[in-house]
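Trainee: Could you show me how to read a helix, and then how to read the packing of a pair of helices?

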Amino acid sequence: NTIKSYSQDLNYFFKWIQQRYGPPHLISILTSTDLKDYERQLKSDSTIAPSTINRRLISLMKWSEFLITIGSTNINLANNIKIKKVQRQNNIRWLTRKEVGKLLHAIELTKQQNYKKGVLHQTIVYLAVNLGLRVQEMCDVKLVDMDVQRGIVRINGKGDKHRIVPLTENTKEAIDNWLKVRDQQSEYLLVSSKNNYITTRAIQHIFKKYSSQLEIEITPHSLRHTYCKQLAQQGVDIQSIAELAGHSSVDTTRIYVTPSIRELQDALKKTEF
């Protein structure tokens with residue numbers, strides 16, 4: 001996703017350069033003025049979010065450093081570019097307990113129609129909302145990673161960072177039910193009807209269907225956010241949340257103890273005149 005985003009960001013700049021000078025345009029005749037003008041154009045566009053503007057500028061800055069590394073230029077073309085200052089606000093989307101309840105109710109209805117499918121969906125939801133696993137981490141969990149007797153699961157997380165996460169009672173029950181009904185012999189916990197493992201795309205597709213059905217935005221990551229937010233609301237300290245979620249820095253975790261826009265809106269409703 002990072003590679004895809006950086007590529008898109010640079011393509012926006014390349015198209016802008018082509019509109020300015022016409023193709024073909026050689027790197028050798030680019031100047032820092034060109035990049036500065038592009039920066040001004042981005043910052044003057046009110047239709048682009050500040051976070052998007054900053055990402056496009058950072059992509060350009062990294063590209064400029066790369067040009068020096070490979071010897072295409074001797075100067076940093078992006079040396080004068082400044083990132084747009086943005087007050088940090090909490091725009092992260094997590095679900096309320098009521099919304100999670102609606103999702104679990106919908107899964108119960110799925111179980112009535114197709115028990116095996118419903119149990120799989122329930123297991124996936126619990127891995128996200130009760131254990132805080134990323135979507136790729138769910139796909140990667142193997143049977144040997146689970147120690148039901150000790151009530152833990154070993155996670156090989158983002159950046160090859162290992163952590164141990166406690167298994168909750170409901171999650172253990174869901175996993176046990178799933179292992180009883182799945183047909184495939186696989187080293188992985190989650191399998192699809194076609195393969196001995198499940199893909200991130202398949203999990204995202206599952207949540208997309210429930211999102212449409214319930215008219216609630218539900219993603220694997222929003223459930224992971226819900227897990228972290230619930231821990232924060234129960235008074236779990238920020239360092240412990242960071243360790244459970246596999247965050248490299250508590251700065252990432254701090255967002256869960258920062259009021260969200262929705263929470264601020266709710267507060268304003270109670271205080272406005």
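**Reading a helix and a packed pair**

Mentor: In α1, the buried residues (under 20% relative accessible area with a 1.4 Å probe, protein chains only) are S5, D9, L10, F13, W16 and I17. This is a predicted model, in which local features need pLDDT of at least 70, side-chain atom pairs count only at pLDDT 80 or more, and totals for chains, interfaces and linings use all residues. Residues are numbered from 1 along each chain as its sequence is written, and side-chain values use heavy atoms, with hydrogens and water left out.

Trainee: Why do the buried residues of α1 line one face of the helix?

Mentor: An α-helix has 3.6 residues a turn, so residues three or four places apart point the same way. Seen down the axis of α1, the buried residues fall within an arc of 125 degrees, taken from the directions from the axis to the C-beta atoms, and so they line one face. On the other side of α1, I3, K4, K15 and Q19 are exposed, meaning over 50% relative accessible area.

Trainee: What covers the buried residues of α1?

Mentor: The cover includes α2 (32-44) and α3 (50-69), where contact means heavy atoms within 4.5 Å.

Trainee: At what angle do α4 and α8 pack?

Mentor: Helix α4 (residues 97-113) and helix α8 (residues 200-214) pack at about 105 degrees, with axes 11 Å apart. That makes α4 roughly perpendicular to α8, a term for angles of 65 to 115 degrees. The contact is made by K102, L103, A106, I107 and T110 of α4 together with F207, Y210, Q213 and L214 of α8.

Note on methods: Helix = DSSP H or I, 4+ residues; strand = E, 2+ residues; numbered from the N terminus. Axes fitted to C-alpha atoms, helices over the stretch in contact; angles between N-to-C directions. Parallel < 35°, antiparallel > 145°, perpendicular 65-115°, else oblique.
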